[in-house]
Amino acid sequence: MIKIIIAQDFSDAPGGRLRSEGDFSGEEFRESILEKKFEQTLESDDTLLVDLDGGYGYAPSFLEEAFGGLARKYGFQKVLNYIDIKTDDEPSLKQEIMDYIKNSNK
Amino acid sequence: MAAKAMQKTFKKRKKKKKKNRNIRKIALSYEAIAPAVLSLTKNTAETVNYFSEIINYTLNGNSSRKEKKIIHFDLSGITELTIDAIMYLIAIIHNIKRKMYWEYEFKGNFPKNLNVNKQLVDCGFLKFFSSDYRGIARTKSDNITIETGSKSEPLIAKQICDYVNNVLGTQRVYTRFLYNILIELMTNTKQHAYNNSDKYFSHKWYIFVENVNHSIKFIFLDIGDGIPKTIRKKFTEKFIENMDKIFNKPILSLEDNEYILSALEGHKRSQTKLPYRGKGLPKIYQYYIDNNIHNLKIMEYVFGAKMNNMMTY
């Protein structure tokens, strides 16, 4: 299993949606970490586990740009098949992210 | 001898003349006397009028680069103050300075009332201006001073969450919703608040946090165009608004508070027109519905206009 712990690998205080809006944006996370790990996952036919625990919080814009943006690039079904979310600190976040992936083009 | 003496005098006079050419005229031009109760929430009409008069004075072209004018803020008579008004004052001065740096100079005095004076110092007002103030020093007051920024600032959001958890004795997980709200408000200001504004506007937001009897109060503001003007409107809504303007009589247009509620309820009001955008305001509203936050007030003030254009929600 390929793993990303956002609070350690990126930031425990993520920002908004776009790079132009400030530091540690969803766009920056997706382009610098998430997409690369997702491609590794596709090549090895593995599962990508994204751990959201330990952070100060995740603005909806950040999550939608990161995960919705990933689905817009690779297709929502592929992302749903290969990605898993760990979020014990805030369990409702998992469904929220799944909704962003499913509704990425709506 | 006499000719030489005359030459010296002539040279002296010439030098004096050269010196004077470099001095710009500076004249005390506007005395902005603050009302006794300076507060947008407790004394809305008088406070809005106070700021409107300052803004109108600067917009009416009363100064020039050749004749710099001084605006003197007389705060001496304030007996009651709320920080929302001070934040607006800072924001207005920032914008005047940005647009008309060479034309205006700002001076002021402090409230004579000691409690109000302390309040002004403790909220961090002085860090925005250079001052030779020698009055009450900032005590270890139980709040975070006014902070400002023009983008999303995760470090400030982090600092505020740490402060809240420290005061309430809670863990970081407890303030996740608060962190999300702060980031969304900051990015909304960056992306949307100043879309239709003068390019010289300082596109900043301001935030203040205080502990009021173990209940944390937040004030977040920007002086952008207001939510009703920056959200996306349907074709029929724009058509009706234009008709109402032609007949100078608002009949069928939605009220501004209806537009704000529509944006909060997630009715696809993002200016980007992208279907997956516009998540921030509905999330903040959901936190309010779920009782994570209480007493949510969204207030819009129209400055530089008559009082009947002011709206609060």
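Seven residues of chain A are joined by salt bridges into one network: Arg17(A), Arg30(A), Glu35(A), Glu64(A), Glu65(A), Arg72(A) and Lys73(A). Keep in mind while you browse that this is a predicted model. Over all chains, a search of the whole structure finds 19 salt bridges.

**Pairs within a chain**

Here are three salt bridges to look up in the viewer, each with its N to O distance.

| Salt bridge | Distance |
|---|---|
| Asp53(A) and Lys86(A) | 2.8 Å |
| Lys94(A) and Asp84(A) | 3.3 Å |
| Glu147(B) and Lys127(B) | 3.5 Å |

Let's start with the salt bridge of Asp53(A) and Lys86(A). This pair links distant parts of the chain, 33 residues apart: Asp53(A) sits in the loop between strand E2 (48-51) and H3 of chain A, while Lys86(A) belongs to strand E3 (residues 83-86) of chain A. Is Asp53(A) buried or exposed? Asp53(A) counts as buried, because its relative accessibility is 12% and the cut-off for buried is under 20%. Its partner Lys86(A) is partly exposed, with a relative accessible area of 28%.

Next comes the salt bridge between Lys94(A) and Asp84(A). Here, too, distant parts of the chain are linked: Lys94(A) lies in helix H5 of chain A and Asp84(A) in strand E3 of chain A, 10 residues apart. Lys94(A) is partly exposed at 34% relative accessibility, and Asp84(A) is partly exposed with a relative accessible area of 27%.

Over in chain B, the side chains of Glu147(B) and Lys127(B) form a salt bridge. Glu147(B) is in strand E6 (residues 143-149) of chain B and Lys127(B) is in the loop between H4 and E6 of chain B, so this salt bridge ties together parts that are 20 residues apart in sequence. Glu147(B) counts as buried, at 18% relative accessibility, whereas Lys127(B) is partly exposed at 47%.

**Where chain A meets chain B**

Now for the interface. Chain A and chain B bury about 2400 Å² between them, and 52% of this area is on carbon and sulfur atoms. Which three residues supply more of the area that chain A buries against chain B than any other three? They are Glu21(A), Tyr56(A) and Pro60(A), which supply 32% of it. The contact takes 33 residues from chain A and 22 residues from chain B.

Polar and charged pairs also cross this interface. The rule finds 4 salt bridges between chain A and chain B. As an example, the side chains of Lys158(B) and Asp12(A) meet in a salt bridge at 3.3 Å, N to O. There are also 12 residue pairs in polar contact across the interface of the two chains, both residues being at pLDDT 80 or more.

Two elements of chain A, H3 and helix H5 (92-102), give two or more residues to the side that touches chain B. H3(A) gives the most, with 4 residues. By class, this side of chain A has 10 nonpolar, 12 polar and 11 charged residues.

A good residue to inspect here is Ser61(A), found in helix H3 (residues 60-74) of chain A. The side chain of Ser61(A) makes a polar contact of 2.6 Å with the side chain of Glu184(B). Leaving aside residues up to four places away in sequence, Ser61(A) touches Gly16(A), Arg17(A) and Glu184(B). One of these, Arg17(A), is also part of the salt-bridge network described at the start. Ser61(A) has a relative accessible area of 8%, and is therefore buried, as the cut-off is under 20%.

**A look at chain B**

The secondary structure of chain B comes to 10 helices and 10 strands. Of its 313 residues, 42% are buried. Chain B exposes about 18500 Å², with carbon and sulfur atoms supplying 52% of that area. Among contacts in chain B between residues at least 6 apart in sequence, 66% join residues at least 24 apart.

Helix H4 (residues 114-122) of chain B rewards a visit. Its buried residues include Val116(B), Asn117(B), Leu120(B), Val121(B) and Asp122(B). At the start of H4(B), a side-chain oxygen of Asn113(B) reaches to within 3.0 Å of the backbone nitrogen of Asn115(B). After H4(B) comes Gly124(B), which has a positive phi near 95°.

Technical notes. Residues numbered from 1 in each chain as written. Chains lettered and ligands numbered in written order. Predicted model: local features only at pLDDT ≥ 70, side-chain atom pairs only at ≥ 80, totals over all residues. Heavy atoms only, no water. Buried < 20%, exposed > 50% of the residue type's maximum accessible area, 1.4 Å probe, protein only. Polar contact = N/O pair within 3.5 Å; in protein donor to acceptor, adjacent residues only side chain to side chain. Contact = heavy atoms within 4.5 Å. Buried area = accessible area lost by both parts, 1.4 Å probe. Nonpolar A, V, L, I, M, F, W, Y, C, P; charged D, E, K, R; others polar. Areas by Shrake-Rupley, 256 points an atom, 1.4 Å probe, with all protein chains shown as cover.
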